[in-house]
Amino acid sequence: MRAIRETDWKALRSEVLETFTPGPPINEVAEFAGRKAIIQRLQDIAIERARHAIIFGERGVGKTSLANIFYKDLNSSTRVVREIAVDADSLDSFDSLWRKVFRRIRWPGDDSNLDTCYPGPIEPDHVFLELARFGQNEAPIIIIDEYDRITDENCRILMTDLIKAMTRLPNNPTLILVGVADNILQLVRDHGSIHRNLVQVPMDRMNGDEIKDVISTRVRRLRMKITDDALWRVAYFSAGLPFYAHSIGKYAALRAVEKQSINIDESLVLASLADCIADVDYTVAESYTRATEKIYRKGNIFAQVLAACALTENNDLGQFTAASVEGPLSKIMGEQFEVPAFSFHLNQMTNPERGNVLKKTGARRTFQYHFAEPAMQPYIIMKSLQDGVLSREVFEQFYVKRQKAFAI
Ligand SMILES: Nc1ncnc2c1ncn2[C@@H]1O[C@H](COP(=O)(O)OP(=O)(O)OP(=O)(O)O)[C@@H](O)[C@H]1O
Ligand SMILES: [Mg+2]
């Protein structure tokens, strides 16, 4: 193999930084991994008349990226996609939201700004009439992201009215609403009356293969290599959240380049966790500090309990019981710990004084806990390993268990 020169390593370093994108959403189909079934579903909705979609799921699962790319190959000789994407914010009313959309529409032969044509408040019927102006060969796709941030009840009600009215449109504009939510009722008023027109598209976390795909396609493009074991590690630490896959992938690749190597192995992935922790959203780091801090310099076991929570087996909704924390906590502490010894800690961590890291649902005796922020669980594992709260040995026991469960 030809020796790689100093300048090539520098170029490769820049390529790594461009290739992994922990942060900005994806804009290109080629950059987007997995999610084939959902993409097809959204494309069908865009083609069918009077059908719209609401994409919802946990924070950071890839909602905006999906909304950015799903329509890109719908252009054909008889159909031109006209995409308009806006972000809702907490101050938006129906009027201000649609003004954002109107400012992005230019009708042929008309130079005026559509927004200024409406001196008074914009109503659903105004929107209806403007949308009716799109041609039969056009596929207007209007994406309203961050829909969960709208606090104005009236706006939500008028949106439902608009979606109902849009069944009368002779052409085929498609509305795509996108927001963070566990269920659609948190985002849409009177959903029952439009359930045939507004299709629910819940978005889960990515599965292990999809996360591996995020990494392996990028590593291949960089003409680098990654071992299977290293890929497993990235999938485990990412817990289905693509941000972590990008962040760990980036730092592991940078560490390889630093050593003038094109090979990424497990040890580089483990070493990159420290960099990844520093990349995580400030609010996550802040909640962790709050959850585990010493009060009046008195030692406590909050960090250990939290690490045990992050290691537990949980159900599809990410929920776990207090009893399931016993096993990992006992391993971490090196002695048997039963629920009464730490139920106080679990409860405290559902409070703001301890960073609101956990949420509790269900009734007494059947309480279930889950992490309030999805990004928290991977962060806790990495941070606990880093700080020595979790030894490599204990971690590996649970890691192997999880890996086996994945492989079945
Ligand atoms: N299918 C994918 N393939 C590769 N990377 C992805 C994919 N989906 C998302 N990402 C990456 O994951 C991160 C989060 O993506 P995105 O911003 O789309 O999520 P989101 O659900 O809109 O987040 P939020 O809830 O904060 O709005 C980004 O770094 C993005 O580049
Ligand atoms: Mg988003």
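Start by selecting Ala-33 together with ligand 1: in this predicted model, a backbone N or O atom of Ala-33 sits 2.9 Å from a nitrogen atom of the ligand.

Next, pick Gly-60. One of its polar backbone atoms is 2.9 Å from an oxygen atom of ligand 1. Then hop over to Gly-62, where you'll again find a polar backbone atom at 2.9 Å from a ligand oxygen. With those contacts on screen, switch on a surface: of the 630 Å² of accessible area ligand 1 has on its own, the protein covers 90%.

Now bring up the rest of the shell. There are 22 residues around ligand 1, and the ones that come nearest are Thr-21, Pro-24, Lys-63, Thr-64 and Ser-65. Try colouring the shell by residue type: you should get twelve nonpolar, seven polar and three charged residues.

Which helices should you show as cartoon here? Go for α3 (63-69) and α9 (242-258), since each supplies at least two residues of the shell around ligand 1. If you have a pocket display, look for the second largest pocket, which is the space ligand 1 takes up.

Time to zoom out and colour by domain: domain 1 covers 35-203, domain 2 covers 207-279 and domain 3 covers 282-407. Where does ligand 1 lie relative to domain 1 and domain 2? Both of these domains give residues to its shell, so ligand 1 lies between them.

For a last stop, put a marker at the C-alpha centre of domain 1 and another at that of domain 3: the two centres are 39 Å apart.

Conventions:
Residues are numbered from 1 along each chain as its sequence is written. Chains are lettered from A and ligands numbered from 1 in the order in which they are written. This is a predicted model: local features need pLDDT of at least 70, side-chain atom pairs count only at pLDDT 80 or more; totals for chains, interfaces and linings use all residues. Side-chain values use heavy atoms; hydrogens and water are left out. A residue is near a molecule or strand if one of its heavy atoms lies within 4 Å of it. A polar contact is a pair of N or O atoms within 3.5 Å; within protein, one must be able to donate a hydrogen and the other to accept it, and residues adjacent in sequence count only if both atoms are side-chain atoms. Accessible areas come from the Shrake-Rupley method with a 1.4 Å probe; for residues, only the protein chains shown count as cover. On a 1 Å grid over the protein atoms alone, a cavity is a set of points where a 1.4 Å probe fits but cannot get out, and a pocket is an open set with protein on both sides within 12 Å along at least five of seven lines; lining residues have an atom within 4 Å of a point. A molecule sits in a cavity or pocket if more than half of its atoms lie within 2 Å of its grid points. Helices (H or I, at least four residues) and strands (E, at least two) are DSSP runs, numbered from the N terminus. Ala, Val, Leu, Ile, Met, Phe, Trp, Tyr, Cys and Pro count as nonpolar, Asp, Glu, Lys and Arg as charged, and the others, Gly among them, as polar. Domain bounds come from an automatic or database domain assignment.
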